[in-house]
Amino acid sequence: AVNDSEVTPFSVPSYACQRRSTLKNHNAVLTDSLSLLAENAELSDEDGRGVAFRRAAAVLKALPSAVTKMSQLKGLPCLGEHSLRVIKDILENGASSEVESTKESERFKALKVLTGIFGVGSKTADRWIREGIHNLQQLRDSGQTLNRAQQAGLEHYDDIKQPVSLAEAEAIRGIVGRAVASVSPEAQIVLTGGFRRGKLTGHDVDFLITHPEEGSEVGLMPKLVSWLESQGLLLYQKTTRNSYLEGSEGPGRPPSNIDRFERCLSIFKLSAGQTGRGVQSEETAASPSAAERRWRAVRVDLVVSPISQFAFALLGWTGSKLFERELRRWAGHEKGMSLSSHALYDNKQGRYIRASSEEEIFAHLGLEFIPPTERNA
Ligand code: GTP
Ligand code: MN
Ligand code: MN
C-alpha cells in the first residue's frame with residue numbers, strides 16, 4: 001500500500017552509535033518529556049533509570065517523522081514499559097501527568113537550581129535540601145561552607161546558566177588559540193563537545209589540545225593556564241594532572257573507562273568587545289550589574305592529550321554523552337573490547353589497538369563512521 005506510512009512501524013538499530021542523529025528532531029515534545037524524567041532520575045542518583053529514559057528519547061530523536069500512534073512504535077528498541085506509558089499519555093492526553101508533576105515538584109525545582117551552581121553535584125544538593133535549603137538566597141543565608149568552585153559558581157550563577165553562543169565559543173577559541181600558540185607554537189587546538197557536533201549553543205566550551213611530537217605536550221597546561229591568568233582571563237580554574245599510564249591496570253586487565261587526562265575546568269572572563277556582539281547576558285532591571293559590566297563569565301573545559309591518544313580523546317570529548325556511553329557499550333558487549341578516551345583494548349587478544357583517526361576507531365569497532373554532526377543522540 002502507498003498510504004499506510006502511519007501504521008508502518010519505524011525501524012531503528014538498537015545502539016545509538018549505529019544511528020545518525022542530527023540536531024533535527026521530529027518528536028521534541030516526547031523527547032523533552034523523557035529527557036526531563038531522565039534528568040530527574042540522574043539528580044536522584046538513579047542512574048540506571050536515567051540511562052533508560054535517555055536511550056528511549058534517543059530512539060525517538062532518530063525517527064524520520066513525528067509519532068502519532070502507539071502502533072508505530074512496535075518493534076523499536078530501548079522503549080521500556082515506563083517510557084511507553086509516558087509516550088501513550090502524551091499522545092492521548094497531550095501531556096504526561098508524571099512529567100507535569102515532576103516539573104512542578106519542589107524537590108525537582110530545588111535540585112535543578114542547586115546543581116545549576118558550578119561545583120555542586122546531586123549529593124551536595126540533596127544534603128542541602130534535607131537541611132531546608134531550596135534556593136540561592138537560602139544557600140547564601142545558611143552559612144554553608146562552600147569550596148572554591150562552588151563560591152565561583154554561586155558568584156557567576158546568572159552568567160553561567162545563560163547559554164554560550166557559537167559567536168562566544170569562536171571568540172574563546174581565538175583567545176585560547178593565541179594563548180596556546182604563544183606557550184607552544186607547534187601545539188594544536190580543537191573545539192570539541194557540543195559545538196563540534198554543530199550545536200549553536202552550549203553550557204560550556206570544550207577544547208582538546210595536543211602536540212605533534214609525543215611528549216612535548218607535557219607541561220603545556222600549566223604554561224597555558226599561567227598565560228591566561230596573567231592576562232586576567234580566568235575567574236576560576238582548577239587543573240587536574242594526567243594520571244593515565246597504559247597497562248597500569250595490571251597485565252591482561254582492561255583499562256578503566258575513567259578519564260585521566262590533564263584537564264582544566266575553568267570560568268573565563270569574556271569581554272564584550274571580544275565577541276563583537278556585546279555580552280549575551282540579559283540586561284534586565286533585576287540584574288543591573290550585568291548591564292553595566294563589559295564582560296560575562298563563561299564555563300570553559302581544557303583537555304591536553306598526547307598525540308598517540310588524540311583520536312580517542314577527540315572521539316571521547318565530542319559526545320554526546322549518550323553516544324559515548326553507547327560506543328563503550330557496543331565495544332564491550334558486541335566486540336569484547338574496552339573503549340576509553342585514551343585507548344581501545346581487545347579483551348580476547350589482551351592487547352591495545354592503535355588508531356590515529358576517529359574513522360579508524362569506528363572501523364576497529366566494526367561500525368560505520370558517524371561524523372560529529374550526526375552524534376547528537
Ligand atoms: P553542552 O556543553 O551542554 O553543549 O554539551 P556537551 O555535549 O558539550 O557536554 P559536555 O561539555 O558536558 O561534555 C562534552 C563531552 O565531553 C561529552 O561527550 C562528555 O561525555 C565528555 N566528558 C565530559 N566530562 C568528561 C570526563 O570527565 N571524562 C571524559 N572522558 N569525557 C567527559
Ligand atoms: Mn560542552
Ligand atoms: Mn564540558
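Me: Are aspartate 204 and aspartate 206 buried or exposed?

Reply: The model is predicted. A residue counts as buried when its relative accessible area is under 20%. Both aspartate 204 and aspartate 206 are buried. Aspartate 204 has 6% relative accessibility and therefore falls in that class; aspartate 206, at 10%, does so too.

Me: Which residues are the protein donors of the manganese ion (ligand 2)?

Reply: To read a metal site, look for N, O and S atoms within 2.8 Å of the metal, and remember that water is not among the atoms, so a site may look incomplete. For the manganese ion (ligand 2), the protein donors are Asp204 (OD) and Asp206 (OD), at 2.0 to 2.1 Å.

Me: What coordinates the manganese ion (ligand 3)?

Reply: Asp204 (OD), Asp206 (OD) and Asp301 (OD) do, at 2.1 to 2.3 Å. Along the chain, the donors of this ion follow the spacing D-x1-D-x94-D.

Me: How far apart are the manganese ion (ligand 3) and the manganese ion (ligand 2), and which residue coordinates both?

Reply: The two ions are 3.6 Å apart, and aspartate 204 coordinates both.

Me: Which residues are the closest to ligand 1?

Reply: A shell can be read by its members, then by their chemistry. Here 17 residues surround ligand 1, and the closest are His203, Asp204, Arg263, Gly319 and Lys321. By class, the shell holds 8 charged, 8 polar and 1 nonpolar residues.

Me: Which side chains have an N or O atom listed against an oxygen atom of ligand 1?

Reply: A polar contact is a pair of N or O atoms within 3.5 Å. The side chain of lysine 199 places an N or O atom 2.9 Å from an oxygen atom of ligand 1, and that of lysine 321 does so at 2.8 Å. Aspartate 206 also has a polar side-chain atom 3.0 Å from an oxygen atom of ligand 1. Taken alone, ligand 1 exposes 630 Å², of which the protein buries 78%.

Me: Which elements give two or more residues to the shell around ligand 1?

Reply: They are α11 (193-196), α15 (310-318) and α16 (321-335). The most comes from α15, with 3 residues.

Me: Where is threonine 192, and is it buried or exposed?

Reply: Threonine 192 sits in the loop between β2 (188-191) and α11. Its relative accessible area is 1%, so threonine 192 is buried.

Me: What is threonine 192 in contact with, leaving aside its neighbours within four places in sequence?

Reply: Its contacts are Asp206, Phe207, Leu208, Leu314, Trp317 and Thr318. One of these, Asp206, is also a donor of the manganese ion (ligand 2).

Terms used. Residues numbered from 1 in each chain as written. Chains lettered and ligands numbered in written order. Predicted model: local features only at pLDDT ≥ 70, side-chain atom pairs only at ≥ 80, totals over all residues. Heavy atoms only, no water. Donors = N, O, S within 2.8 Å, 3.2 Å for Na, K, Ca; no water. Buried < 20%, exposed > 50% of the residue type's maximum accessible area, 1.4 Å probe, protein only. Near = heavy atom within 4 Å. Polar contact = N/O pair within 3.5 Å; in protein donor to acceptor, adjacent residues only side chain to side chain. Areas by Shrake-Rupley, 256 points an atom, 1.4 Å probe, with all protein chains shown as cover. Helix = DSSP H or I, 4+ residues; strand = E, 2+ residues; numbered from the N terminus. Nonpolar A, V, L, I, M, F, W, Y, C, P; charged D, E, K, R; others polar. Contact = heavy atoms within 4.5 Å.
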